[in-house]
Amino acid sequence: MPSVSVGRRIFGAAVLVAAAVAAIPASAATVEPLVSPQWLKDHLRDPQIAVIDVRSGVLIYDAAHIPGAVHSDYDKAGWRVSRNGVLQPPNLAELEKLIGETGIDEDSHVIVVSAGTSATDFGAAARVYWTLKVAGHPAVSILDGGFNAWQAAAYPIDNRKIVPAPKIFTSRFDERLLAQLAAVENNEHATLVDARPASYFDGKEKAAASKAYGHIPGAINLDSASFYDPAANRLRPKDQLARIAAKLPAGPVVAYCNTGHWAATDWFVLSAVLGRPDVRLYPGSMVEWSANPSRPIASSRTRLDDLKKALGLGS
């Protein structure tokens, strides 16, 4: 039978182990790419949880938000920056400043919250998630269903503005997640995935900033909206996502759209949810690609389409 002193040592060691486990940063834990409102409610007071509300418009945030959430406007905070007319991810210094001033460091478990109202809105959360991952943050999740799902569950809301205490975040820029223009121009092995609606892919309409109708030759169209359940206002179940993505061949993938917003959803589903290796996002997308008229464009656009546009009957 162990002595009392031995028993005390065993008990003390157990306490130390338990404390050490509790102190393990989120980066070392298993972090799911999507968390439910119930999960967030249960963990909201955890000291490592950093809730980032990326809804556009400070008045929306001021009216109601998840308790403790910091507002970081997707359109204005700097998650995408314009360079030569093309929306790109922030550079290393910009990333560290943006993330640190939002109250995030390497030990935070970041929960990205969008409005939860549409497929396009989900793209904002996916783009912020991707940007944090490009910055090398190890622990990021998206709130499944966004703020809309939080409210629907009748969980607490707040209207007090949270001013975060700035932290030091050291970025470890992960270029493996990013496809630059040169890589797309010289692409020989990756499948290009166009995340836009078919009308854009076919050249029947285009983004205002794009200089041409159509798509990058060889691309496969996989509309980001197909991954989203509009009735539930959240991503479809994982098995459905896998069936939709099954149309893509094996191997590396580069997702693009007009500005890298819709493509972020394709990237998130393929890489974060389905665990597919070697998936990159081309943030310059069609706006950058079409800026140079010498780059090839594939399109199903006809002269009739052009005539309809001239007559004000089409795009």
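The exercises below, each with a worked solution, deal with a predicted model.

In this predicted model, local features need pLDDT of at least 70 and side-chain atom pairs count only at pLDDT 80 or more, while totals for chains, interfaces and linings use all residues. Residues are numbered from 1 along each chain as its sequence is written, and side-chain values use heavy atoms, with hydrogens and water left out.

**Exercise 1. The open sheet**

Work out in which order the 5 strands of the open sheet stand, and which strands are at its edges.

Solution. Begin with the terms: strands (E, at least two residues) and helices (H or I, at least four residues) are DSSP runs, numbered from the N terminus, and two strands pair if DSSP finds at least two bridges between them.

Step 1. Reading across the sheet gives the order β1-β7-β6-β2-β3, with parallel pairing.

Step 2. The edge strands are β1 (34-35) and β3 (70-71), since each of them pairs on one side only.

Step 3. Inside the sheet, β2 (residues 49-53) and β6 (residues 109-113) pair in the parallel sense over 5 bridges, and I52 has V112 in β6 as its bridge partner.

Step 4. Helix α5 lies across β1, β6 and β7 (140-143) and runs at about 175° to β7, where axes are lines fitted to C-alpha atoms, for helices over the stretch in contact, and angles run from 0 to 180 degrees between N-to-C directions.

**Exercise 2. Helix α4 and its two ends**

Find which residues of helix α4 are buried, what they pack against, and what is found at the start of α4 and just after it.

Solution. Here buried means under 20% relative accessible area, exposed over 50%, and partly exposed in between (1.4 Å probe, protein chains only).

Step 1. In α4 (residues 92-101), the buried residues are L95, L98, I99 and G100. An α-helix has 3.6 residues a turn, so residues three or four places apart point the same way.

Step 2. These buried residues of α4 pack against α5 (119-134).

Step 3. One of them, I99, is in contact (heavy atoms within 4.5 Å) with W79, I104, L132, A135 and F169, once its neighbours within four places in sequence are left aside.

Step 4. At the start of α4, a side-chain oxygen of N91 comes to within 3.2 Å of the backbone nitrogen of A93, and just after the helix, G103 has a positive phi of about 85°.

**Exercise 3. The core and its aromatic rings**

Determine which residues touch the most other members of the largest nonpolar core, and describe how Y129 pairs with W267 and with F268.

Solution. A nonpolar core is a set of buried Ala, Val, Leu, Ile, Met, Phe, Trp, Tyr and Cys residues joined through side-chain atoms within 4.5 Å.

Step 1. The largest such core has 52 residues, and I99, V112, L132, W267 and F268 touch the most other members; α5 gives the most to this core, namely 10 residues.

Step 2. A pair of aromatic rings is described by the distance of the centres and the angle of the planes. Rings of Phe, Tyr and Trp (its six-membered ring) pair if their centres lie within 6.5 Å, and planes under 30 degrees apart count as stacked, over 60 as edge-to-face and the rest as tilted.

Step 3. The structure holds 6 aromatic pairs. In one of them, the ring centres of Y129 and W267 are 6.1 Å apart with their planes at 50°, so this pair is tilted. Because Y129 lies in helix α5 and W267 in helix α10, the pair ties together parts that are 138 residues apart in sequence.

Step 4. Y129 and F268 also form an aromatic pair, which is edge-to-face, with 4.9 Å from centre to centre and 85° between the planes. Y129 is in α5 and F268 is in α10, so this pair ties together parts that are 139 residues apart in sequence.

Step 5. Y129 is buried at a relative accessible area of 6%, W267 is buried at 2%, and F268 is buried at 0%. F122, Y129, Y228, W267 and F268 form one aromatic cluster.

**Exercise 4. Two residues with positive phi**

Decide whether N84 and S285 are buried or exposed, and say where each of them lies.

Solution.

Step 1. N84 is not a glycine, although its phi is positive at about 55°. This residue lies in the loop between β4 (81-83) and β5 (86-88), and its relative accessibility of 82% makes it exposed.

Step 2. S285, also a residue other than glycine, has a positive phi near 50°. S285 is found in helix α11 (residues 285-289), and with 0% relative accessibility it counts as buried.

Note on methods
Polar contact = N/O pair within 3.5 Å; in protein donor to acceptor, adjacent residues only side chain to side chain.
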